[in-house]
Every structure is written in C-alpha cells, then in structure tokens.
Amino acid sequence: MPAKVNILGRLTRDPETRETSKGTVTSFSLASNSGWGDNKTTTYFDCACFGKRGESLQKHAGKGKQLWISGDLSTRSYQTRDGVDKMSLNVKVDDWHFTASGDSNQTFKPETRQALSSAADEMPF
C-alpha cells in the first residue's frame, strides 16, 4: 500500500505533458523547504499527474509557482554513470491546488496572467 502524502512546494521547472498509450501524463518537479536558518533543507519530488488535471496544470502553471499536491509516494533507487547510488522520491499526484503566495502573479504563464486580468476587468465591483 503506497504512502499518501500532502506536499507544499514550488515548481522547479515548467510542467511537461506527453501522450502515452494510456492517455496523457504531465511531469514536473516540486521543491519543498523545511526548517529555518542553518537547519533549512530542501527536498525534491518527481511528480506525475494524469489526464485532464495534468493538462490543466501544464497550461496554467510555470516554474516557481507554489502548489499544494496530494498523492501516492514511492521511491526509486538508481545508479549514476559515475557509479553513485541515488534515490528519487516520486509522487503520483491525485489532486493539486494553487496556493496564495507573496509574488504569485509573476509565476503564472503570460497567457494566464492576461486571462486573469481580463476576467478582473469584467467584475462588477
């Protein structure tokens, strides 16, 4: 039984969507910080989101955008070309949400910022 996780972090790169024999998969990497000062650490997660939820993420989010994700955690061990043993943390994302952050407007892709600005101009208040 996989471990369920909830993670708050920032995209380390733009999400990438590709077609597979079973549908679409969107891949992205999330960096999550914990601790503070000299005790601050960053953990990186390789994430995959399937179907329309992944496509929506790829369309509206870019590098640096803060996300909350929920999904199944797994690990993968591998060896680099130099013979160094490594381990990756992988999340099969079931759900994700944008979160409020200090400078969130800069992390939307340009077409999303424009769409949000247009929608705000049409609000009656």
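Biologist: Is F98 buried, partly exposed or exposed?
Modeller: This is a predicted model, and the class follows from computed accessibility. The relative accessible area of F98 is 32%. Because buried requires under 20% and exposed over 50%, F98 counts as partly exposed.

Biologist: How is the ring of F98 oriented towards that of W96: stacked, tilted or edge-to-face?
Modeller: The count of aromatic pairs comes to one. In that pair, the ring centres of W96 and F98 are 5.1 Å apart and the planes stand at 75 degrees. Planes over 60 degrees apart fall into one class, so the W96 and F98 pair is edge-to-face.

Biologist: What is the relative accessibility of W96, the ring partner of F98?
Modeller: F98 is partly exposed. W96, in contrast, counts as buried, its relative accessibility being 8%.

Biologist: How many disulfides does a search of the whole structure find?
Modeller: The cysteine sulfur closest to that of C47 belongs to C49, and the gap of 9.1 Å is too far for a bond. A disulfide would need the two sulfur atoms within 2.5 Å. C49 is likewise in no disulfide. For the whole structure, the number found is zero.

Biologist: What is the relative accessible area of C49?
Modeller: C47 is buried, at 4% relative accessible area. C49 is buried too, and its relative accessible area is 1%.

Biologist: Which residue of strand 6 is the bridge partner of A48?
Modeller: Strand 4 covers residues 41-50 and strand 6 covers residues 85-98. The two strands pair in the parallel sense, over four bridges. In strand 6, the partner of A48 is K92.

Biologist: In which sense do strand 5 and strand 6 run, parallel or antiparallel?
Modeller: Strand 5 spans residues 66-79, and 13 bridges join this strand to strand 6. One of the partnerships puts Q79 opposite D85 of strand 6. The sense of strands 5 and 6 is antiparallel.

Biologist: Which residue in the turn between strand 5 and strand 6 has a positive phi?
Modeller: Strands 5 and 6 form a hairpin, with five residues between them. A positive phi of about 85 degrees in this turn belongs to G83.

Biologist: With which residue does K4 form a salt bridge, its closest N and O atoms being 2.9 Å apart?
Modeller: The whole structure holds four salt bridges. K4 lies in strand 1 (residues 3-11) and its partner in strand 6, so the contact ties together parts 90 residues apart in sequence. K4 is exposed at 61%, and the partner is partly exposed at 37%. The residue that meets K4 at 2.9 Å is D94.

Biologist: Which residues, joined by salt bridges that share partners, make up one network?
Modeller: K4 and D94 are joined by a salt bridge. Salt bridges with shared partners make one network of K4, D94 and D72.

Biologist: What is the N to O distance in the salt bridge of K52 and E55?
Modeller: K52 and E55 are three residues apart in helix 1 (residues 51-60), so about one helical turn separates them. K52 counts as exposed at 67% relative accessibility, while E55 is partly exposed at 28%. A salt bridge needs an N to O distance within 4 Å, and for K52 and E55 the distance is 3.8 Å.

Biologist: How many residues apart are D95 and R53?
Modeller: The side chains of D95 and R53 meet in a salt bridge at 2.6 Å, N to O. D95 is partly exposed at 25%, and R53 is partly exposed at 35%. D95 is in strand 6 and R53 in helix 1, and their separation in residues is 42.

Conventions
Residues are numbered from 1 along each chain as its sequence is written. This is a predicted model: local features need pLDDT of at least 70, side-chain atom pairs count only at pLDDT 80 or more; totals for chains, interfaces and linings use all residues. Side-chain values use heavy atoms; hydrogens and water are left out. Two strands pair if DSSP finds at least two bridges between them. Buried means under 20% relative accessible area, exposed over 50%, partly exposed in between (1.4 Å probe, protein chains only). Rings of Phe, Tyr and Trp (its six-membered ring) pair if their centres lie within 6.5 Å; planes under 30 degrees apart count as stacked, over 60 as edge-to-face and the rest as tilted.
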